[in-house]
Amino acid sequence: MAYANCSDESLTRSTNTVNAWTEWGKLNEVVVGRADGGCYPTFEPTWQTEFRFNPELRDVIPFPQGPRLKNVIAKANAQLDMMVDLLEGEGVVVHRTLPMDFSTTVKTPDWQMDYGFCNTCPRDTVITLGNVVLEATMSRRSRYFEYLGTRHILNHLFKNDKSMLWKAAPKPSMADSM
């Protein structure tokens, strides 16, 4: 998957302190995703459970695959941008994920897919527990590399916050044999 290099101005004004113990306290900083490059992913084995009650359903109602329509991406980005404006209006420092191209082949040594998914939900890929930032592993092949969209933010925080611990959960093979 390709992702663009970009400068995130919000990183220069950040307090660079990673410390969150509650989801109910005052929100100081947040990461908001982007819809750019979003796709309908290729069908993958983890979706089998969604068809378990009617295996023929997959042939009758196929999942869409490939790039999302440009107007759909534009509308999603407009909604995300409005959320950023709202949060910044409340004094929250907002970081943005990097734009990524999910229309390129997604592959590991164990599998390959024609399309990835999108990068609109960074909360699915990273969680903060105190001063620990934990990169989660994804349960779908199409989302395997989404964490790359937040790497520039995590790299900056890691370099500037000496108390931050950065950990990553092991990535599963997601091989067909599993």
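A pocket is an open set of grid points where a 1.4 Å probe fits, with protein on both sides within 12 Å along at least five of seven lines, and its lining residues have an atom within 4 Å of a point. The model described here is predicted. In it, the second largest pocket is lined by Glu44, Pro45, Thr46, Met138, Ser139, Arg141, Pro172, Met174, Ala175, Asp176 and Met178.

The largest pocket has 35 lining residues, and those nearest its centre are Ala20, Leu27, Glu29, Val30 and Thr128. Two or more lining residues come from each of β2 (29–32), α3 (70–89), β9 and α4. The two pockets are set out below.

| Pocket | Volume | Nonpolar lining residues | Polar lining residues | Charged lining residues |
|---|---|---|---|---|
| Largest | About 1,300 Å³ | 18 | 13 | four |
| Second largest | About 160 Å³ | six | two | three |

Strand β9 also belongs to an open sheet of three strands, ordered β9-β10-β11, with mixed pairing. Because β9 (126–129) and β11 (165–168) each have a single partner strand, they stand at the edges, and one side of each lacks a neighbour in the sheet. On average, neighbouring strands are turned by 20° against each other, direction ignored.

Within this sheet, β10 (residues 132–135) and β11 run parallel and are joined by four bridges. Valine 132 has leucine 165 of β11 opposite it. Helix α4 (residues 151–160) lies across β9, β10 and β11, and runs at about 145° to β11. Both α4 and β9 thus recur in the two settings: each is among the elements contributing to the lining of the largest pocket.

Terms used
Residues are numbered from 1 along each chain as its sequence is written. This is a predicted model: local features need pLDDT of at least 70, side-chain atom pairs count only at pLDDT 80 or more; totals for chains, interfaces and linings use all residues. Side-chain values use heavy atoms; hydrogens and water are left out. Two strands pair if DSSP finds at least two bridges between them. Axes are lines fitted to C-alpha atoms, for helices over the stretch in contact, and angles run from 0 to 180 degrees between N-to-C directions. Contact means heavy atoms within 4.5 Å. On a 1 Å grid over the protein atoms alone, a cavity is a set of points where a 1.4 Å probe fits but cannot get out, and a pocket is an open set with protein on both sides within 12 Å along at least five of seven lines; lining residues have an atom within 4 Å of a point. Grid points are joined across faces, edges and corners, and a volume is the space filled by probe spheres set on the points. Ala, Val, Leu, Ile, Met, Phe, Trp, Tyr, Cys and Pro count as nonpolar, Asp, Glu, Lys and Arg as charged, and the others, Gly among them, as polar.
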